[in-house]
Amino acid sequence: VRCERDNPVNKGQLCVKGRFGYDFVNHPDRLTTPLIKRDGTFVEATWDEALDLVATKFKEAQDKYGPEALGGLSSARVTNEEAYLFQKLLRSLGTNSIDHCARL
């Protein structure tokens, strides 16, 4: 029986995501500053401004439609710890509508 470490392609070092998706974090097109929409156009904002806007919009949706109106979609590019914290945040807001994209 062959095991993964015997694989001649990667010698057991990296999965497909690790092999082909490891360099996204340093990509020049990656957003590193929050963007918020002002007058129909995305503009750079501080983290405090962006998080305040998100909190306000979450609260408005909860007040109008209830906590299950909120949902979250996580990325496969986050760590297990980040995924755990994300689902914990959404559950603390009263929703179980949480999913993730397993594709790279």
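1. In this predicted model, Glu 49 is partly exposed, its relative accessible area being 33%. Its partner is Arg 38, with which Glu 49 forms a salt bridge whose closest N and O atoms are 2.9 Å apart. Because Arg 38 belongs to strand S1 and Glu 49 to helix H2 (residues 47-65), the pair ties together parts that are eleven residues apart in sequence. Arg 38 is likewise partly exposed, with a relative accessible area of 38%.

2. Arg 38 also has a place in the strand pairing, which deserves a look alongside the salt bridge. Strand S1 (residues 35-38) pairs with strand S2 (residues 41-44) in the antiparallel sense, and four bridges connect them. Within this pairing, the residue of S2 that stands opposite Arg 38 is Thr 41. The two strands form a hairpin with two residues between them, and in that turn Asp 39 has a positive phi of about 55 degrees. Arg 38 thus stands opposite a residue of S2 and also forms a salt bridge with Glu 49.

3. How many salt bridges does the model contain? The count comes to three, and the one between Arg 38 and Glu 49 has been described above. Another joins the side chains of Lys 59 and Asp 63, at 3.1 Å from N to O. Both of these residues lie in helix H2, four residues apart, or about one turn of the helix. Their exposure is worth stating residue by residue: Lys 59 counts as partly exposed at 46% relative accessibility, whereas Asp 63 is exposed, with a relative accessible area of 55%. The cut-off matters for this reading, because exposed means over 50% relative accessible area.

4. The pair Glu 60 and Lys 57 forms a salt bridge as well, with the closest N and O atoms 4.0 Å apart. A careful reader should set that value beside the cut-off, since a salt bridge requires the nitrogen to be within 4 Å of the carboxyl oxygen. Glu 60 and Lys 57 both lie in helix H2 and are three residues apart, which is about one turn of the helix. An α-helix has 3.6 residues a turn, so residues three or four places apart point the same way. Both partners are partly exposed: Glu 60 has a relative accessible area of 44%, and Lys 57 stands at 49% relative accessibility.

5. Is Thr 95 buried or exposed? With a relative accessible area of 1%, Thr 95 is buried, although its place is in the loop between helix H3 (80-92) and strand S4 (98-100). Leaving aside neighbours within four places in sequence, Thr 95 is in contact with Pro 67, Glu 68, Leu 70 and Leu 90. A polar atom of the Thr 95 side chain also lies 3.0 Å from the backbone nitrogen of Ser 97.

6. The helix that leads into this loop can be described in a few values. H3 has 13 residues and reaches 18 Å from its first C-alpha to its last, close to the 18 Å expected at 1.5 Å a residue. Just after H3, Gly 94 takes a positive phi of about 95 degrees.

Conventions. Residues are numbered from 1 along each chain as its sequence is written. This is a predicted model: local features need pLDDT of at least 70, side-chain atom pairs count only at pLDDT 80 or more; totals for chains, interfaces and linings use all residues. Side-chain values use heavy atoms; hydrogens and water are left out. Two strands pair if DSSP finds at least two bridges between them. Buried means under 20% relative accessible area, exposed over 50%, partly exposed in between (1.4 Å probe, protein chains only). A polar contact is a pair of N or O atoms within 3.5 Å; within protein, one must be able to donate a hydrogen and the other to accept it, and residues adjacent in sequence count only if both atoms are side-chain atoms. Contact means heavy atoms within 4.5 Å. The expected span of a helix is 1.5 Å times one less than its number of residues.
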